[in-house]
Amino acid sequence: AARTASALLKTQPPGYLLDLELKELDLACFERLVAEGRATLAAGDPVQAARLLGDAVGLWRGPALADVSLAGSGQGEVIRLEERRLAAVEASWSANCRPW
């Protein structure tokens, strides 16, 4: 069951804490959907694979970590995430273009 915003946002000195489980993060949902989509495509169901991969790509709203200030090694994570997004777009395209 979805938790309410008040259950997710905790007030503590000196500010706030967003109390999320890993499975509640968009990135975790993205990774799960991509894995399921690829497995479904490999199993021969391009229609379901396209839906799963499309859902994964649909979670993106601009560049990875665009609203977070990163320096040094943080840029490597941005590049890794962007590569994962592009791979999901390509897999989604591949699933949609298969002969049925």
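This passage walks through helix α4 and the pair of helices α2 and α3 in a predicted model.

Helix α4 is a good place to start. It covers residues 74-97, 24 residues in total, and at 1.5 Å a residue it should span 34 Å. The C-alpha atoms at its ends sit 35 Å apart, so expectation and model agree. Several residues of α4 are buried: Gly74, Val78, Leu81, Ala88, Ala91, Ser92 and Ala95. An α-helix has 3.6 residues a turn, so residues three or four places apart point the same way. Among the elements covering the buried residues of α4 are α2 (26-42) and α3 (46-58).

Serine 92 gives a close-up of this helix. It lies in α4, and its relative accessibility is 10%, which is under the 20% cut-off, so serine 92 counts as buried. Leaving aside residues up to four places away in sequence, serine 92 touches Ala50, Leu53 and Gly54.

Then there are the two covering helices themselves. The axes of α2 and α3 are 8 Å apart, and the helices pack at an angle of about 165°. That angle makes α2 roughly antiparallel to α3, and their crossing is left-handed. On the α2 side, the contact is made by Phe30, Leu33, Val34, Glu36, Gly37, Arg38, Thr40 and Leu41. From α3 come Pro46, Gln48, Ala49, Leu52, Leu53, Asp55, Ala56 and Val57. Sorted by character, the residues of this contact comprise 10 nonpolar, three polar and three charged. Leu53 turns up in both parts of the story: it takes part in the contact of α3 with α2, and serine 92 of α4 touches it too.

Technical notes: Residues are numbered from 1 along each chain as its sequence is written. This is a predicted model: local features need pLDDT of at least 70, side-chain atom pairs count only at pLDDT 80 or more; totals for chains, interfaces and linings use all residues. Side-chain values use heavy atoms; hydrogens and water are left out. Helices (H or I, at least four residues) and strands (E, at least two) are DSSP runs, numbered from the N terminus. The expected span of a helix is 1.5 Å times one less than its number of residues. Buried means under 20% relative accessible area, exposed over 50%, partly exposed in between (1.4 Å probe, protein chains only). Contact means heavy atoms within 4.5 Å. Axes are lines fitted to C-alpha atoms, for helices over the stretch in contact, and angles run from 0 to 180 degrees between N-to-C directions. Angles under 35 degrees count as roughly parallel, over 145 as roughly antiparallel, 65 to 115 as roughly perpendicular and the rest as oblique. A crossing is left-handed if the near helix is turned anticlockwise from the far one by less than a right angle, and right-handed if clockwise. Ala, Val, Leu, Ile, Met, Phe, Trp, Tyr, Cys and Pro count as nonpolar, Asp, Glu, Lys and Arg as charged, and the others, Gly among them, as polar.
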